[in-house]
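Please open the model in your viewer with the backbone drawn as a cartoon, and keep the selection panel at hand. The tour below moves from the whole chain to single residues.

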Amino acid sequence: MQSVRFGRWEISDDPEATRKAYASVPLGGPEKCGCEACQNFAAARAQLYPAEVLVLFEKLGISPNGEVEVYHLARLAPGRHLYGGWFHFVGSILSGADAMKQVAENIWQPDLEKINENFSLGFSSRLGLVRVPFAGPPLVQLEFAAKVPWILPSTEPT
Ligand SMILES: [Zn+2]
């Protein structure tokens with residue numbers, strides 16, 4: 001166990017256990033889904049995670065191509081699309097307000113921190129779609145929102 005500070009959060013985490021779990025996940029969410037929006041995300045992946053986020057992933061033991069799921073939210077402009085997605089890692093939130101803020105019964109809104117113009121992230125203890133290799137230990141969900149270029153040759157969604 002180690003502790004990591006990022007934005008408003010202090011996290012306790014187990015990078016070894018997280019690395020092991022990612023090693024047992026053969027495909028990230030976008031590859032597993034395979035729809036056009038996911039294919040585009042996967043094609044743009046190498047340019048979409050900021051350097052400091054990749055450093056954070058490395059610290060936490062997260063594989064950058066091991067998203068649980070990504071989803072297309074909107075076309076912001078021609079060639080520019082808003083996506084959301086999330087990762088899991090073994091650990092718990094020690095301090096810092098949860099990135100999923102409950103605003104009414106059964107309604108949560110993301111409360112992420114901006115890393116740069118194109119990328120925001122936050123940590124939540126609300127978990128979605130825990131994959132088998134991750135089941136068991138306490139987990140944290142890393143939520144993100146990213147503005148992603150459309151780089152597939154196919155027609156972009158609207
Ligand atoms: Zn998809």
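Colour the chain from the N terminus onward and follow its elements, which in this predicted model run in the order β-β-α-α-α-α-β-β-β-β-β-β-β. In total the secondary structure comes to four helices and nine strands.

Now zoom out to the whole protein, whose C-alpha atoms fill a box of roughly 45 × 35 × 30 Å along the principal axes. The radius of gyration is 15 Å, which agrees with the value near 15 Å that a compact globule of 158 residues would have. Of the contacts with a separation of 6 or more, 67% are between residues 24 or more positions apart, and buried residues make up 31% of the 158 residues.

Next, select Phe41, Ile62, Phe87, Phe89, Phe123, Val140 and Leu142, which are the residues that touch the most other members of the largest nonpolar core, a set of 31 residues. At least two residues of this core come from each of strand E2 (9-13), helix H1 (15-23), helix H3 (36-48), helix H4 (51-60), E4, strand E8 (119-124) and strand E9 (139-149). The largest share, six residues, is supplied by E9. As a general background, nonpolar side chains in soluble globular proteins tend to be buried together.

Keep Phe123 selected and display its surroundings: which residues is Phe123 in contact with, leaving aside its neighbours within four places in sequence? They are Trp9, Ile11, Ile93, Gly96, Ala99, Val140 and Leu142.

Extend the selection to strand E8, where five of the six residues are buried, so that E8 is largely enclosed by the rest of the structure. On one pairing, E8 runs antiparallel to strand E7 (residues 113-116) over three bridges, and the two strands are joined by a hairpin through two residues; to see one of these bridges, select Lys114 together with its partner Ser120 in E8. On another pairing, six bridges join E8 to E9, again in the antiparallel sense, and here Gly122 has Glu143 in E9 as its bridge partner.

Finally, move to strand E3 (residues 69-77) and strand E4 (residues 80-95), which run antiparallel and are joined by seven bridges. Select Ala77, which stands opposite Arg80 in E4, and then look at the turn of this hairpin, where two residues lie between the strands and Gly79 takes a positive phi near 80 degrees.

How values were computed:
Residues numbered from 1 in each chain as written. Predicted model: local features only at pLDDT ≥ 70, side-chain atom pairs only at ≥ 80, totals over all residues. Pairing = 2+ DSSP bridges. Rg over C-alpha atoms; globule rule 2.2 N^0.38 Å. Buried ≥ 20, exposed ≤ 12 C-beta atoms within 10 Å, placed from the backbone. Contact = placed C-beta atoms within 7 Å. Core = buried A, V, L, I, M, F, W, Y, C linked by C-beta atoms within 7 Å.
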